[in-house]
Amino acid sequence: MSRLLRTGLNAGEAAPMAVVGGEGVYFHLSDGRKLIDGSNTGGGLGHRHPAMVEAIRRAADTPVVNEGWTWVGREQAADDLMATAFKGEEDWVGAVRFCISGSEANDMALSLCQALTQRSALATRERAYHGITGLSRSMTVQPQWHGGLAVHSGGSKLPAPMAPVRILPAPDGAIYGGPVTNTPPSEYLADATRLLSDTAATIIDYTQGGIYYDGAYQDEVARCARQAGSYWIADEVVTGAGRAGRWFAFQGAQSRPDIVTLGKSLGGGAAAVAAVVVSREIVERLRGTSWQNYGTLRGHPISMAAVSAYLKVVTDEKILEHVQNLEKLFTRRLLAIARKHPSVQRVAGQGLHWTVELHGPDWRTWHADTTEVPIASRVAERALEAGAVIGTSGEQTSLFLAPPLVISEREATLLLDALDHGLDIADKEHG
């Protein structure tokens with residue numbers, strides 16, 4: 001019996017596949033297979049990228065410096081982040097504080113807004129996921145991700161909520177299976193200012209639950225939040241640092257956030273690292289105060305070396321342009337796949353993050369409290385036969401594709417072929 005207490009992304013008790021190595025965009029499994037990694041939002045540069053490996057090796061020969069000490073590498077990573085990813089955003093961006101995970105970054109940002117406003121309520125949009133730590137758990141409103149226990153014989157045991165939560169309507173933005181009429185956000189967010197009137201912060205993300213957007217929706221949420229005196233936070237844990245085909249998804253709109261949270265790819269998959277980036281206005285509000293929020297391993301020298309190395313690789317290897325080019329391939333192929341497979345209900349995405357949603361039970365009724373293997377998981381299992389790992393996000397009918405940003409066109413084609421192969425099983429069940 002394994003001594004490791006673990007949980008998977010899917011319902012039931014089956015152990016996840018055993019990974020023993022990796023190279024580039026491939027996982028190496030204990031049974032000898034090599035599979036394209038199509039589900040790894042945290043590994044933007046794939047596995048064992050030479051620049052990342054070298055940066056980590058050098059950083060391993062440094063002292064262990066906790067967040068309370070000044071460390072030259074941490075100062076350098078902050079400067080690199082601002083000069084590279086936030087180039088052109090200098091008129092509003094202020095400063096950064098590093099941490100360890102996206103959940104932690106969101107919790108820090110939300111609690112800071114509560115302190116600044118002296119309000120407790122918080123807001124997000126329907127079907128959001130912002131993490132499972134602290135306040136980020138309260139802002140995760142997908143029903144299976146409650147941070148508690150999904151009992152396999154039925155039912156759930158939930159921890160108590162940490163804050164009142166207001167939920168905004170979500171946009172659609174699908175390229176397949178979207179609504180026939182395109183209702184402007186100003187109409188379905190007409191009540192947003194009132195809904196946000198007592199909130200400390202409004203946090204929005206750009207992928208979770210298969211909901212993608214930029215432009216009009218973001219600008220309307222930003223306008224309503226500011227009118228209500230609610231800080232707005234761009235959760236770029238998944239999309240930030242290149243996955244959207246630009247440094248940040250929020251750059252697809254005119255508005256700019258009060259706070260940006262980062263994680264996942266920020267360390268190139270080589271180290272656990274996240275960040276809270278605040279505006280100049282918030283930096284001014286923090287003068288004369290001490291932000292009493294601390295973590296021993298935040299801004300660790302190894303993590304900071306990974307951040308600086310990742311930013312350099314993305315720039316030197318023109319990763320953003322590469323993602324933009326592959327977005328066209330994914331759009332074209334996924335439309336064709338959706339039209340071919342009657343089991344597909346909806347397709348949405350941007351850059352190198354895409355969601356394929358299948359016909360089936362409503363996501364609002366899914367709590368993962370069963371040993372039954374969801375249809376999405378069975379599609380992903382069949383895709384393994386064609387040589388690729390496809391993600392499921394733990395939902396019953398939702399699949400996602402998020403390969404390393406360095407994936408080649410040939411490898412991307414193989415990944416999409418594997419999805420095509422896997423969907424055959426869903427078509428049989430759909431009838």
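The following exercises, each with a worked solution, concern strands, helices and single residues of a predicted model.

Local features in this predicted model need pLDDT of at least 70, side-chain atom pairs count only at pLDDT 80 or more, and totals for chains, interfaces and linings use all residues. Residues are numbered from 1 along each chain as its sequence is written, and side-chain values use heavy atoms, with hydrogens and water left out.

**Exercise 1. The strands β1, β2 and β3**

Task: Determine how β2 pairs with β1 and with β3, and which side chains of β2 are buried.

Solution.
- Step 1. Strands (E, at least two residues) and helices (H or I, at least four) are DSSP runs numbered from the N terminus. Two strands pair if DSSP finds at least two bridges between them.
- Step 2. Strand β1 (residues 19–23) is joined to β2 by 4 bridges, and the two run antiparallel. Glycine 22 stands opposite phenylalanine 27 in β2.
- Step 3. The hairpin of β1 and β2 has 2 residues between the strands, and glycine 24 in the turn has a positive phi of about 65 degrees.
- Step 4. On to β3 (residues 34–38): this strand pairs with β2 in the antiparallel sense over 3 bridges. Here histidine 28 stands opposite lysine 34.
- Step 5. In the hairpin of β2 and β3, 4 residues lie between the strands, and glycine 32 takes a positive phi near 95 degrees.
- Step 6. In a regular strand the side chains alternate between the two faces of the sheet. Along β2 (residues 26–29), Phe27 and Leu29 point to one face and are buried, whereas Tyr26 and His28 point to the other and are not. Buried means under 20% relative accessible area, exposed over 50% and partly exposed in between (1.4 Å probe, protein chains only).

**Exercise 2. A sheet and its helices**

Task: Describe the sheet that contains β13, β14 and β16, and state how α11 and α12 pack against each other.

Solution.
- Step 1. The 3 strands form an open sheet in the order β13-β14-β16, with antiparallel pairing. Its edge strands are β13 (344–350) and β16 (398–401), each pairing on one side only.
- Step 2. From one strand to the next, the twist averages 15 degrees. Axes are lines fitted to C-alpha atoms, for helices over the stretch in contact, and angles run from 0 to 180 degrees between N-to-C directions.
- Step 3. Strand β14 (residues 353–358) pairs with β16 over 4 bridges in the antiparallel sense, and tryptophan 354 stands opposite leucine 401 in β16.
- Step 4. Helix α11 (residues 375–383) packs on the sheet, touching β14 and β16, and its direction makes about 40 degrees with that of β16. Contact means heavy atoms within 4.5 Å.
- Step 5. Helix α12 (residues 409–430) lies across β13, β14 and β16, at about 170 degrees to β16.
- Step 6. The axes of α11 and α12 are 7 Å apart, and the helices pack at an angle of about 135 degrees. That angle makes α11 oblique to α12; angles under 35 degrees count as roughly parallel, over 145 as roughly antiparallel, 65 to 115 as roughly perpendicular and the rest as oblique.

**Exercise 3. A second helix pair**

Task: Classify the packing of α2 and α9 by its angle.

Solution.
- Step 1. Helix α2 (residues 72–84) and helix α9 (residues 301–316) pack at an angle of about 25 degrees, their axes lying 8 Å apart.
- Step 2. That angle makes α2 roughly parallel to α9.
- Step 3. Residues making the contact include Gly73, Leu81 and Thr84 of α2 and Met304, Leu311 and Thr315 of α9.

**Exercise 4. Burial in a strand, a helix and a loop**

Task: Establish the surroundings of β4, glutamine 114 and serine 343.

Solution.
- Step 1. In strand β4 (residues 93–99), 5 of the 7 residues are buried, so the strand is largely enclosed by the rest of the structure. It pairs with strand β12 (residues 274–279) in the antiparallel sense over 6 bridges, and arginine 97 stands opposite valine 276 in β12.
- Step 2. Glutamine 114 lies in helix α3 (residues 102–117) and is buried, with a relative accessible area of 18%. Beyond four places in sequence, its contacts include Arg119, Leu135 and Ala200.
- Step 3. Serine 343 is found in the loop between α10 (319–340) and β13; this serine is buried, with a relative accessible area of 2%. Not counting residues up to four places away in sequence, serine 343 touches Glu357, Leu358, His359, Leu423, Ala426, Asp427 and His430.
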